[in-house]
Amino acid sequence: MSQTVIESTSLHKSFGKKNVLSGVDLAIPESRVVGLLGVNGSGKSTFIKCLLGLLRATKGSATLFGEDSWDISALTKARIGYVAQELNLFPWMRVDQLVQYTAAFYSEWDHDFVNKLLDEWDVPRKDRVGPLSAGQLHKLGIILALGHRPQLLILDEPVASLDPAARREFLRSLIEFSQEESRTVLFSTHITSDLERVASHVAILKDGRISFFDELDKLKESVKRLRITSADPLPNNFVVSGALRTEVQGCSALAAVPSISSSVVDGLRRDWNADVQIEDLNLEEIFLELHDA
């Protein structure tokens with residue numbers, strides 16, 4: 001039975017009168033790569049900071065490797081890698097000095113792996129950290145988080161500052177990392193195409209709660225679009241049973257459905273003398289349909 005690495009139970013976080021998290025329940029076993037999706041302002045960064053003990057929850061609980069997030073032991077901290085959305089590294093240090101400084105905190109630092117990533121990602125060792133571009137700074141932050149080969153890697157918008165080539169290199173390294181035994185990854189992103197390449201599971205944060213958590217493939221198999229073409233004009237109040245959304249224009253209609261029912265499809269064909277086509281949606285389309293529902 002796999003260990004639960006990340007768990008939150010009825011997690012709330014408020015800032016004054018503003019509720020950001022309103023009861024987040026999530027349990028992530030080891031060896032999962034979970035993409036955390038949500039619109040801007042949905043609380044993804046706040047949730048991650050509560051998980052890591054960087055913010056104290058207003059109510060509820062959060063644990064990592066079974067330890068309370070607000071009181072994580074040094075041994076457990078050494079099992080975790082984290083890249084924040086906004087990095088605050090020592091600007092006066094050279095890159096190689098910062099790498100050596102960070103390595104000193106970890107007995108399991110993989111120097112060969114770090115040097116390999118510095119070369120592949122074209123991060124200049126002798127340059128000072130301060131003048132690095134936003135993309136170079138984020139590359140460095142990711143490398144520092146990976147250097148001790150953590151069992152849990154948490155990334156908050158890790159590719160926001162990376163160009164397409166750098167994103168491709170990062171995703172390749174992330175895939176390699178996640179394939180190692182018992183590695184768990186949680187990363188928030190708004191680039192759904194990247195998530196589709198690497199994630200095994202998807203968690204959607206909406207209205208301060210997790211509205212969906214399951215395997216990515218199950219999500220993509222469940223939510224479909226129905227393209228309906230009737231012999232006669234459809235009424236403006238035409239709806240498909242159980243649909244997330246229905247659009248009607250003349251004899252045609254589009255409906256996004258969270259699960260395909262053969263009885264519903266057969267009923268549409270029979271009742272409206274209609275041709276009904278079932279279409280796949282990409283993850284971005286599915287996310288938008290679920291968010292707007």
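A cavity, on a 1 Å grid over the protein atoms alone, is a set of points where a 1.4 Å probe fits but cannot get out. Its volume is the space filled by probe spheres set on the points, which are joined across faces, edges and corners.

Now to this structure. It is a predicted model, so local features need pLDDT of at least 70, side-chain atom pairs count only at pLDDT 80 or more, and totals for chains, interfaces and linings use all residues. Residues are numbered from 1 along each chain as its sequence is written, and side-chain values use heavy atoms, without hydrogens and water.

How many cavities of 30 Å³ or more are there? One. The largest has a volume of about 30 Å³. Its lining residues, with an atom within 4 Å of a point, include V5, F65 and R79.

Next, the sheet. It is open, with four strands in the order β2-β1-β4-β5 and antiparallel pairing. The edges are β2 (18-29) and β5 (67-68), each paired on one side only. Strands are DSSP runs (E, at least two residues), and helices are too (H or I, at least four). Two strands pair if DSSP finds at least two bridges between them. Five bridges join β1 (residues 4-15) to β4 (residues 59-64). One bridge partner pair is H12 with K59 in β4.

Last, the cysteines. A disulfide is a pair of cysteine sulfur atoms within 2.5 Å. The count here is zero. C50 is buried, at 3% relative accessible area. C251 is partly exposed, at 28%. Buried means under 20%, exposed over 50%, partly exposed in between, with a 1.4 Å probe and protein chains only.

Terms used: On a 1 Å grid over the protein atoms alone, a cavity is a set of points where a 1.4 Å probe fits but cannot get out, and a pocket is an open set with protein on both sides within 12 Å along at least five of seven lines; lining residues have an atom within 4 Å of a point.
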